[in-house]
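Biologist: Please take a close look at one part of this model, namely its largest pocket, and at the helices that belong to that part of the description.

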Amino acid sequence: AKAVEHTLKLAIRLNESVNDALRDLIRYRGDLSAMAIDALTSVEIESVGLVSVEEKMVRDTTFTIPRTVKKKLKKIASERGTSMNILVNTALAHWLAKKGALKLR
């Protein structure tokens with residue numbers, strides 16, 4: 001039997017454009033946490049362009065993610081000199097752009 005991976009809750013302040021595109025997409029299908037996990041594991045957050053810290057943020061959104069994903073996120077944020085919040089927004093922005101749900105600036 002496969003061991004169940006431990007998860008944790010991560011509160012992130014999404015920027016407005018990412019939040020709006022994600023909310024539009026979720027109306028049609030899917031789980032918000034599953035979308036975040038897909039974005040965080042499929043987008044090369046080690047190297048893609050970061051989203052602007054200047055964009056207006058909305059209130060916290062809570063995602064349930066595997067501990068291993070959070071650990072990777074924390075390490076990359078430290079290496080890139082940015083916050084985990086910006087990395088999550090970056091991953092979601094690039095993931096949404098790939099789906100045609102958001103236009104990157």
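**The largest pocket and its helices**

Modeller: In this predicted model, α1 (16-26) and α4 (84-98) each supply at least two residues of the lining of the largest pocket. The volume of this pocket is about 210 Å³. Its lining comprises 14 residues, among which Val 51, Ser 52, Glu 55, Leu 104 and Arg 105 are the closest to the centre. By character, the lining consists of six nonpolar, five polar and three charged residues.

Of the two helices named above, α1 may be taken first. Its buried residues are Ser 17, Val 18, Asn 19, Ala 21, Leu 22 and Leu 25. The cover over these buried residues of α1 includes two strands, β1 (7-15) and β2 (57-66), together with the helices α2 and α4. Helix α4 thus appears in two roles: it supplies at least two residues of the pocket lining, and it is among the elements that cover the buried residues of α1.

Helix α4 also packs against α2 (residues 32-42), at an angle of about 90° and with the two axes 8 Å apart. Angles of 65 to 115 degrees count as roughly perpendicular, and α2 and α4 are therefore roughly perpendicular to each other. On the α2 side, Met 35, Ala 36, Asp 38, Ala 39, Leu 40 and Ser 42 take part in the contact, and they meet Val 88, Ala 91, Leu 92 and Trp 95 of α4. Eight residues of this contact are nonpolar, one is polar and one is charged.

Definitions and conventions
Residues numbered from 1 in each chain as written. Predicted model: local features only at pLDDT ≥ 70, side-chain atom pairs only at ≥ 80, totals over all residues. Heavy atoms only, no water. 1 Å grid on protein atoms, 1.4 Å probe; cavity = no way out; pocket = protein on both sides within 12 Å on 5 of 7 lines; lining within 4 Å. Points joined across faces, edges and corners; volume = space filled by probe spheres on them. Helix = DSSP H or I, 4+ residues; strand = E, 2+ residues; numbered from the N terminus. Nonpolar A, V, L, I, M, F, W, Y, C, P; charged D, E, K, R; others polar. Axes fitted to C-alpha atoms, helices over the stretch in contact; angles between N-to-C directions. Parallel < 35°, antiparallel > 145°, perpendicular 65-115°, else oblique. Contact = heavy atoms within 4.5 Å. Buried < 20%, exposed > 50% of the residue type's maximum accessible area, 1.4 Å probe, protein only.
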